[in-house]
Amino acid sequence: MAFDFLNAQGTVTSTVFPIYGSGYWEWSGTIPAGNGAIQARAAWAGHHDVQTIALGTPSPEIAVSQQGSNLADNTSTASFTDGTPGIATTRSFTIINTGPGTLTGINTSITGSQASAFQVIAPPTAALGSGESTTFLVRFQRTSVGDYSAALHIASNDADETSFDIALTGSATAGTWNRTFTEPTSGAVPSEGFDATGQVLGTIILDLNADAATELVLVDNTSSSPVTGQFSGLPDRSIVAGTYSPTYGSRQVKLQIRYDGGTGNDIVLILLNPAQLDRDFVAPPDITVHAMAEQPDGKILIGGDNNVSSARRLLRIDAAGNVDPTFDTGTGPNVNGVYCVAVLDDGKFLVGGTFDTFNGASRPKLVRLLPNGSVDFTFHAPTITKTVNVLRVLADGRILVGGANDLGVRRLLPDGADDTTFLFNREGRPVTFAGEINTIGIAPDTTLVIAGRMYYAYPTGTPTLVMARPYAFRFTENGQLIGMIAQTADGEFLVGGLGMLPNGKIIAGGGGKRSMMRWSADGMVAEYIHSGAAGMAPAALQTDGKVLSVLYGPAPYNWVGPESYHPPSGSRVRRLLANGDDDSSFDQGSGTGSQWIEHLCLLSSGKALAAGPFTNYDGLTAQRLALFVTSAATNHLHRTSQSAIRWRRGGGAPEADSVTFDASGDSGQTWTQLGQGSRAANGEWEITGATMPAIGLIRARARVVGGRYNGSSGLVEYVQAYDSSTPELAVEAPGGADLQVESAFYNFGLVSQNAAVSRSFTLRNTIGGTLNVSAATTGGQQSDFVITTTPAASLTGEQSTVVTVTFTPATLGTRTTTLQITSNDTDESPFLVELTGTGVTAQQGWRYQHFNTANNTGDAADLADFDKDGLANLMEFAFDLDPKSGNASNGAAKLPEPVVEGEYLVIRFTPPVAGVAAGLTYGAQASATLSADSWTPVSNTGTGGVHEYKIPLAGALRFMKVTVNGGGS
């Protein structure tokens, strides 16, 4: 046997001799270049045979390995090790061309029902010469617990392996998520879609200094597919615990889990750690602070006592505590005791206290300063000889000044002149006033509440007041007495600061036997009372209804009451919920140690200042002034029409006494005042009938209070650009309240399982242009929330449309989704409304519908008869009746009616669907005497869901009744 190599002309160029193998002749080696064929010659026993095959183009040959292991086509499997959802695993694959020809057309693809879990992230080279190789990567992204499989295909010009096929497998098992955050995103797991079902959230450690409302990203969803499922035991918006690292005090914090956070539908933990100190804030040295007021630019005026330098008794600082060197008061007040400051609309300031001169100029107790801190000599106030404790700037620019004895309360005109139309202590009839004014509250109806160590009375007539220690009184806006606040008549509560709620109710903080009270608007009723000494700290009101107050403090000055005061050790700020209960999420740990807090000031940033003679705060150095987190402040300023503006303030922003609106057509160089705002029905501040430029800025400014006795008046602002030719989306919830894009939320309440409740949201184009809108539900249990009325696709001018969402809970429990409204509004798209509702049993849903509770108690109890019509609630539910309107008027025809048919008395009815769904048992009983023990069951002879009960007329039984059993859920 011989193998001849032939050239293209058929001439033998070389010969090799094979060896005999297992049934064939074989030779291996390098084929000479340029040959066109191989000729095999065999000879045996006088015979011979010749076979020839053409060589053609040299052939490539594909070989594939995975991390060093050779793989076989259509046989091998590449397995990705087990991990938890959200964790991605990457494997490398190598392609080698082992043939003499060029391997071309190399391309990869992945197929199978779970192919989306596997992705080629670094594709191979498209062509390989003989002996060359290329490497590519496949990433397996786990999104939920379970097993995964797919097929990897490698295409090429290999003649017999045009598609090299490899099975891919992987799995994901439930795991515990322990995360440490050094940055808000450092603990994030990138994921293309994610299912949290079965996952357990473990230990969360914060190794960073983060403010409240910081979003810590758990899952960074890089896909457009929504996150599904929930961590074990953690429904949406659950509160979880975390811990600061030792670097940041090892304190516990609270976080809220959100399954729809971030820009990519991420899973985030929102930091809810109110009360923590801002560690970036360092107080100026030497000053003991009494007065605190925020400027529109966020800087803060602080005033008080300074025994080192009179020039530093009034300072302006930034949010980090740095002193503003451009604010220069010269030598400042001649004595300690800057007790109150007020920021004016034009950037000037009023300062009140005990001083007689300011920077060498005679200015007894009250001075107006220019924005740079120098004395404004154009302000001419009446001579004041007693300490000024409180300055309140009214919306029209006039100023209330309160203090001791002959000062009482005066109202000054903007230039300082005495407003003689203000009647406090000069009503034109004899009035007896003595004492000292601590604080002034301005009610929404413009009436005044004035409190302090004072009395105010007519010598004769009503009301007759007897002098005692602390009192509070109500006056008209012009200073005429209305009457005493009854809750101060016992003289056992000295009011140290007032806060006025939007509904007119009054929050009073102070000292004596009580530390905090909420009064009705007329002061006659105490709606809640907190005892325990708090010094004379005021109440600081957040716009979300929560209230900051001080826990523990020294007795008020010269207080002679019998109360026993808690030692001031551990004085700290506490926060009350809107109902007066303590907010357990607000915890300042050990507080101020052996010292105490005297004054508070809420800031527009969602933080607050606490002042007092302390040197440390919860174990951290804090020299007499500390800045801490309250809650994130929210603002939504927008035009609701061409001539109307609304401003919604929320969260930890300070509550406002009054608001003014301005407009600018020159990028804020000049402003035109549009007027004072008023409260809309939903609590927003609004102005209507305003004339504004077609394009420009709108500005809203709020008057806020703080400092000693809440006697200082700050001014905070929010600015928003607008364009009348640009569409502006407003979304109105069912019931009429405008939703805020940052926190839109709607609760369908309790709805019977598989029952449907529809709610309509109104979408408005509030300005101009054409607003293009669409709506969809996404994430969570979106199949339970179906859009049954789609909005109009476009709104021109000030048109509106509705989108109706129908909630049909498929199961019991809380159900959630997001209503996503997409539009061409430049700053509010998508507008996300969090939707929630709770599936309950049919009977619970019926109770909730009629009694606003799902519980089997009180008026809603099964055996209760609210309308006294002789039918217990269980029977009313069983036959779909209204339990509040009486049997005669609520559809008595729904009740089974007895009829005589031939020789029988018959009751026939079809139970309502809800009763059947609730598992109620319907029946009937008969009796001859009506005695309790004489009733016997009657058989149901009905068919097809119809109940039929009959007794013979001629028999002994004469009476029949319908029975219903079950309920209780």
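## A tour of a pocket, two cavities and a surface patch

By class, the residues lining the second largest pocket of this predicted model comprise 8 nonpolar, 21 polar and 4 charged. To find this pocket, select Y259, D260, N265, T778 and T818, which lie nearest its centre among the 33 lining residues. Then colour strand 21 (227-228), strand 23 (252-261), strand 67 (813-823) and strand 68 (831-840), the elements that each give two or more residues to the lining; strand 67 gives the most, with 5 residues. The volume of this second largest pocket is about 620 Å³.

Turn next to the enclosed spaces, where a search of the whole structure finds 3 cavities of 30 Å³ or more. For the largest cavity, with a volume of about 170 Å³, select G499, L541, E655, V705 and N710, the residues nearest its centre out of a lining of 19. Two or more lining residues come from each of strand 36 (432-442), strand 40 (493-500), strand 44 (540-541), strand 47 (599-602) and strand 58 (695-706), and the lining as a whole has 12 nonpolar, 4 polar and 3 charged residues.

The second largest cavity, of about 60 Å³, can be shown by selecting its lining residues, including D345, L394, S658, R701 and L715. Strand 54 (658-664) and strand 58 each supply at least two of the lining residues, with strand 54 giving the most, 3 residues.

Finally, move to the surface and select M1, Y20 and W25, which make a nonpolar patch of about 330 Å². Within this patch, Y20 belongs to strand 3 (residues 19-20) and counts as exposed because its relative accessibility is 54%, where exposed means over 50%.

Terms used
Residues numbered from 1 in each chain as written. Predicted model: local features only at pLDDT ≥ 70, side-chain atom pairs only at ≥ 80, totals over all residues. Heavy atoms only, no water. 1 Å grid on protein atoms, 1.4 Å probe; cavity = no way out; pocket = protein on both sides within 12 Å on 5 of 7 lines; lining within 4 Å. Points joined across faces, edges and corners; volume = space filled by probe spheres on them. Helix = DSSP H or I, 4+ residues; strand = E, 2+ residues; numbered from the N terminus. Nonpolar A, V, L, I, M, F, W, Y, C, P; charged D, E, K, R; others polar. Patch = residues over 30% accessible without salt bridge, like charges linked within 9 Å, V, L, I, M, F, W, Y side chains within 5 Å. Areas by Shrake-Rupley, 256 points an atom, 1.4 Å probe, with all protein chains shown as cover. Salt bridge = Lys/Arg side-chain N within 4 Å of Asp/Glu carboxyl O. Buried < 20%, exposed > 50% of the residue type's maximum accessible area, 1.4 Å probe, protein only.
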